[in-house]
Amino acid sequence: MKRYILQRVLAIFPILIGISFFAFFLINSSPSDPAEVALRVNETVATPEAIATMRRELGLDKPFLLRYGTWLLDSLQGDFGNSYITKQPVLNEMNKAFPATLALASLSLFITMGVSMFFGIWCAVHEGSVGDKIVRGFIFVGTAMPSFWAGLLIMWLFAVKFDLFPTSGMDGFHSIILPAVTLSLTFISTYIRLIRNTMIQNRQENYVLYAKVRGLKEKTITRHIFKNSLQASLTALGMSIPKLIAGTVIVENIFAWPGIGRLCVTAIFNRDFPIIEAYIVMMAVLFVVCNLIMDIVCALLDPRIRQGE
Amino acid sequence: MSLLNIRNLTVCDRRTDEILIKDIHFEIDSNTCLGIVGESGSGKSVTCKAILGLANPWLEVTGQVLLEGNNLLNAEQETLRQIRGKRICMILQDAMTAFDPLYTIGCQMVETLCENGQYNKTDAKIIAMETLQKMYIREPRLVLKKYAHQLSGGMLQRCMIALAMALKPDILIADEPTTALDAINQREVIEEFQRLRQITGMAMIFISHDLGVVQHLADKILVMKDGEQVEYGPIEQVFEKPQHIYTRYLLDTRKALTKSFHEAMKVRRSNKC
Amino acid sequence: MNFWMRLKSDRIAVLCMILLFSVVLLGIFAPLIAPHDPLEPNIKFKFADNSLEYPLGTDQLGRCVLSRLLYGIKTTVVLSLLTMGATLFIGTFLGIVAGFSRGKVDEAIMRLCDVLLSFPSEVMILAIVGMLGPGLTNVVIANIAAKWAWYTRMIRSLVMEYTDKNYIRFAKVAGCSSSHIMRKHLLPGVLGDVIVLATLDTGWVILTISSLSFLGLGVQAPTPEWGMMLSEAKNIMTTHPAQMLPPGIAIMVVVAAFNFLGDSIRDALDPKGDQTKAVVK
Ligand SMILES: Nc1ncnc2c1ncn2[C@@H]1O[C@H](COP(=O)(O)OP(=O)(O)OP(=O)(O)O)[C@@H](O)[C@H]1O
Ligand SMILES: [Mg+2]
């Protein structure tokens, strides 16, 4: 098991290097010259001399690979440079915004897991019943509904019409509910469907037949099926944690939630490259690390992987 | 009234309207053994699953399965559950996939014993260990701690047989219980089945490809072909005066096989000299 | 039963196809059908109710909502289809090249795909829009860039499967040129599976394009686009919430139709899966 974990951990390093290179390359191949952008946002006239000075200041006159190396070393120490706009270190900006996003994403993950496990199992057990059909109708609407529209409708209903929650901003627990629910909606439909279908598929497996032959109680059999289905669901969940955080971009903008999603969109409008760069790297790292953690959790659940095949 | 009485058992695939087995008839008393033989795909396993009410939802089962006069096909799910394991137990054909891969064999045996009898966990563990020992498993304590993927097919099959023995059902359905075992183990296990029957007086349905094994164990025999029952009767009668060409064919091929086997042995022996 | 027969016998699939086809037609002929100019403001008729002249009423600038919706089809649906088409083209091309040539070219293409696929596509799109700046063209490019790797990988493995089949080996032995083999034998064989993937993904592309427009990163005002219209509706939510309905419902119906159609095509291609689905029902 230890070897498996070690292997998996070591395997992510090349991927991380590839990702960082890609992010750096992406930003540096932008059609707009960062030096020019930096000047423009400072409202300096972009004369050729000014651009040249700025280029030197930003280190843009050095060769690409050298710049990448410097950038990578700096990033590893948490130095992503300074924002063009606020002049603050990017890390500070990120640190300020990250807790808000983390809170939003965790609550939403919690809601997603609770709701989809409950309904997923319920629907699988009561397959074909009226309740199952209703839930499947909701799932269908959920997957086709744009999340920003759902967010607007929720906001209108609960914040404008009934005035139960604030429409936007972050003050107190009250204000996190609507964004978190909106964020969960898309994922909930995917997960209910996933859990339900895996469980139904598992029910046709031979081990379930034998469990029935042995005269086990329905509850025990459901437990067996659930544990076997959990793996597929967990893998998908691991994949979607970064998707969840990426999904905060929309929700944070609807509800004016001061997280990194909003930071990133503002940065895109302002062409604030250091922040965009840091955002991309952070998301990619998150994605890789989440996958790693989920793989390890799955291995812990599954004796076949745990004991190294 | 016999213990288990099957009448007109027919299974139809509702998706394709294909008839998988048709009008199966047989009965079985306690302390007797019925052997079912037939080629692959003739519907032996489907018959067993239908008896236990475990056919897949898309299969339509008609006819009667009478356990002491009560028709199991109209029984409540809960009644059926009570019957499975306690009164009728089955050994599945595919041992490799029969156990849940995420729980140890011991855990699954203990949970079965606990839910079907009045055992507590420690008793159940001891019983599981004892029965495994009876199945010639040398280190039952270790085997109980293993997961399905760590054991061979034969080993798993023996675990299944052991569990069936520990449950002491009235009727045991064994679906090709010896296919995964080598010849020596096969003999031992079949002997064990024989002994088990003598001690507990349980009724047994024994499915096999091997006419020799069936001849050795069974009192009655049922021959199936393409989902239909072509021959049913006491074993001596069927072996001496087979009614159906297919049965005759089966018996003949068996003779031919044993003959060619003997000849091959003779040749080998003469070569050695 | 072959694929088309099965698809035709599926009533929902036929309905979805008819719906989508008419939506596309409406979008293409929007200038002829639309009752008004979608950009023409009419301050006197702000927030007009439904009437014969304005079937869906007017918005905060007095523009005809129906006309904007119809013109929006072109930006949202037609553009998504084009995006999908371009993605498919690139993916199929590179996938076939990689799968057919194997060796070094294959290796290079696959490594690139690996890196691209290690990002969630949502992040990838944001990254590219971030690099290129907001704007409709950039959103389309971002969508293509985020998706082609999926298709390339998928098609490559399909191609590998097909090239191992005998008639292609035979063509190779018979000395047909590579491009001839690709065109005549590989493309038709691979096409079926790709269509399913593409249909399922088109709904997703529509959602992304309209989401980005909603954020202001895609289509810029005043061009009519469904996500854009919702973003405008957001500002007047407290006073005129009904403005949120037409564009939202439009997106949902079209995406749902694509999803349904994708599922139906999948079932029609794979009748065995169909059976289990019938059981699940
Ligand atoms: N769940 C099912 N749904 C539909 N058809 C089935 C199902 N199970 C079995 N069949 C079909 O029923 C027929 C009989 O299968 P069965 O498993 O009973 O054969 P068998 O006699 O046990 O063969 P073997 O000796 O190989 O175990 C086969 O043609 C099989 O395809
Ligand atoms: Mg069988």
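**Exercise 1. Find which side chain of chain B lies 3.0 Å from an oxygen atom of ligand 1 in this predicted model.**

Step 1. Look for a polar side-chain atom at that distance: it belongs to Glu176(B).

Step 2. Now see how well ligand 1 is covered. On its own, ligand 1 exposes 640 Å², and the protein buries 70% of that.

**Exercise 2. Describe the residues around ligand 1.**

Step 1. Start with the count: 17 residues surround ligand 1, and Ser40(B), Gly41(B), Lys44(B), Ser45(B) and Gln93(B) come nearest.

Step 2. Sort the shell by character. You should get 4 nonpolar, 8 polar and 5 charged residues.

Step 3. Ask which element gives the largest share of the shell. That is H1(B), with 3 residues.

Step 4. Check two side chains in detail. Ser45(B) has a polar side-chain atom 2.6 Å from an oxygen atom of ligand 1, and for Gln93(B) the distance is 2.6 Å.

**Exercise 3. Identify the protein donors of the magnesium ion (ligand 2) and work out which parts of chain B they tie together.**

Step 1. Name the donor atoms: OG of Ser45(B) and OE1 of Gln93(B), lying 1.9 to 2.1 Å from the ion.

Step 2. Place both residues. Ser45(B) sits in helix H1 (residues 44–51), while Gln93(B) belongs to the loop between strand E6 (88–91) and helix H3 (105–116), so the pair links parts of chain B that are 48 residues apart in sequence.

Step 3. Decide whether each donor is buried or exposed, using the 20% limit for buried. Ser45(B), at a relative accessible area of 17%, is buried. Gln93(B), at 35%, is partly exposed.

Key
Residues numbered from 1 in each chain as written. Chains lettered and ligands numbered in written order. Predicted model: local features only at pLDDT ≥ 70, side-chain atom pairs only at ≥ 80, totals over all residues. Heavy atoms only, no water. Donors = N, O, S within 2.8 Å, 3.2 Å for Na, K, Ca; no water. Helix = DSSP H or I, 4+ residues; strand = E, 2+ residues; numbered from the N terminus. Buried < 20%, exposed > 50% of the residue type's maximum accessible area, 1.4 Å probe, protein only. Near = heavy atom within 4 Å. Polar contact = N/O pair within 3.5 Å; in protein donor to acceptor, adjacent residues only side chain to side chain. Areas by Shrake-Rupley, 256 points an atom, 1.4 Å probe, with all protein chains shown as cover. Nonpolar A, V, L, I, M, F, W, Y, C, P; charged D, E, K, R; others polar.
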